[in-house]
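This report goes through a protein chain with its sequence and structure at hand. Please keep both in view while reading.

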Amino acid sequence: MIALIQRVTESKVVVSGQTIGSINGGIMALIGVEKNDTKQVADRLLKKILGYRIFADEEDKMNLSVADVGGGLLLVPQFTLAANTKSGMRPSFSSAASPAIGEEIFSYLAEQARQQHETVETGEFGADMKVHLINDGPVTFTLQV
């Protein structure tokens, strides 16, 4: 399972001209689900996302997590993160989970996030989404479990 996390001052997801999820400061996380991912893998990824220290403390060091600062979390399903790009000029999606499994694992991740964190918004699995964000820093990390 893969998450591309970005520290943002604001972020939103728009589907068919309607904003379906938005946060102010916090983390916007693109989530890719791979073939062998399970709910247990999703639990480990969520723990890492919520605990990853990418926010500045009083000494301006990256020492605080999104949970520590009370920031928002915007989870966006991102099928293309699971692409194999090692060879050729076209991505292969053979390592990506099937749409049914991907949606199940993403929905589980979002449900668990809502139970563990105050402000959680999501994109829509399988939708044509327009993701808007202001990356703060820029600060971007890839997390894999």
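The text below covers salt bridges, a buried acidic residue and a pocket.

The model is a predicted one.

**Salt bridges**

How many salt bridges does a search of the whole structure find? The search finds 2. They are listed here with the distance from N to O.

| Positive residue | Negative residue | Distance, N to O |
|---|---|---|
| R7 | D136 | 3.4 Å |
| K130 | D128 | 3.3 Å |

In the pair R7 and D136, R7 belongs to strand β1 (residues 2–15) and D136 to strand β8, so this salt bridge ties together parts that are 129 residues apart in sequence. R7 is buried, because its relative accessible area is 12% and the cut-off for buried is under 20%. D136 has a relative accessible area of 30% and is therefore partly exposed.

The side chains of K130 and D128 form the other pair in the table. K130 has a relative accessibility of 45%, so K130 counts as partly exposed. D128 reaches 56%, which means that D128 is exposed, since exposed residues are those over 50%.

**A buried acidic residue**

D57 sits in the loop between β4 (55–56) and β5 (62–64). Which side chain of opposite charge is nearest to D57? It is K61, at 6.7 Å. A salt bridge needs a nitrogen and an oxygen within 4 Å, and D57, although buried, has no salt bridge. The side chain of D57 does reach the backbone nitrogen of E59, at 2.8 Å.

**The largest pocket**

The largest pocket has a volume of about 240 Å³. Its lining is made up of 16 residues, and those closest to the pocket centre are P77, Q78, F79, F125 and G126. Which elements give two or more residues to this lining? They are β3 (26–32), β6 (72–77), α3 (99–116) and β8 (129–144). Sorted by class, the lining holds 11 nonpolar and 5 polar residues, with no charged residues.

P77, one of the residues closest to the pocket centre, also has a neighbour that is distant in sequence. The C-alpha atoms of P77 and G123 are 6.5 Å apart in space, while the two residues are 46 apart in sequence. G123 is placed in the loop between β7 (120–122) and β8. Is G123 buried or exposed? G123 counts as buried, because its relative accessibility is 9%.

**Recap**

Strand β8 appears twice in this account: D136 of the salt bridge with R7 lies in β8, and β8 is among the elements that give two or more residues to the lining of the largest pocket.

Terms used:
Residues are numbered from 1 along each chain as its sequence is written. This is a predicted model: local features need pLDDT of at least 70, side-chain atom pairs count only at pLDDT 80 or more; totals for chains, interfaces and linings use all residues. Side-chain values use heavy atoms; hydrogens and water are left out. On a 1 Å grid over the protein atoms alone, a cavity is a set of points where a 1.4 Å probe fits but cannot get out, and a pocket is an open set with protein on both sides within 12 Å along at least five of seven lines; lining residues have an atom within 4 Å of a point. Grid points are joined across faces, edges and corners, and a volume is the space filled by probe spheres set on the points. Helices (H or I, at least four residues) and strands (E, at least two) are DSSP runs, numbered from the N terminus. Ala, Val, Leu, Ile, Met, Phe, Trp, Tyr, Cys and Pro count as nonpolar, Asp, Glu, Lys and Arg as charged, and the others, Gly among them, as polar. Buried means under 20% relative accessible area, exposed over 50%, partly exposed in between (1.4 Å probe, protein chains only). Lys and Arg count as positive and Asp and Glu as negative; His and the chain ends are not counted. A polar contact is a pair of N or O atoms within 3.5 Å; within protein, one must be able to donate a hydrogen and the other to accept it, and residues adjacent in sequence count only if both atoms are side-chain atoms.
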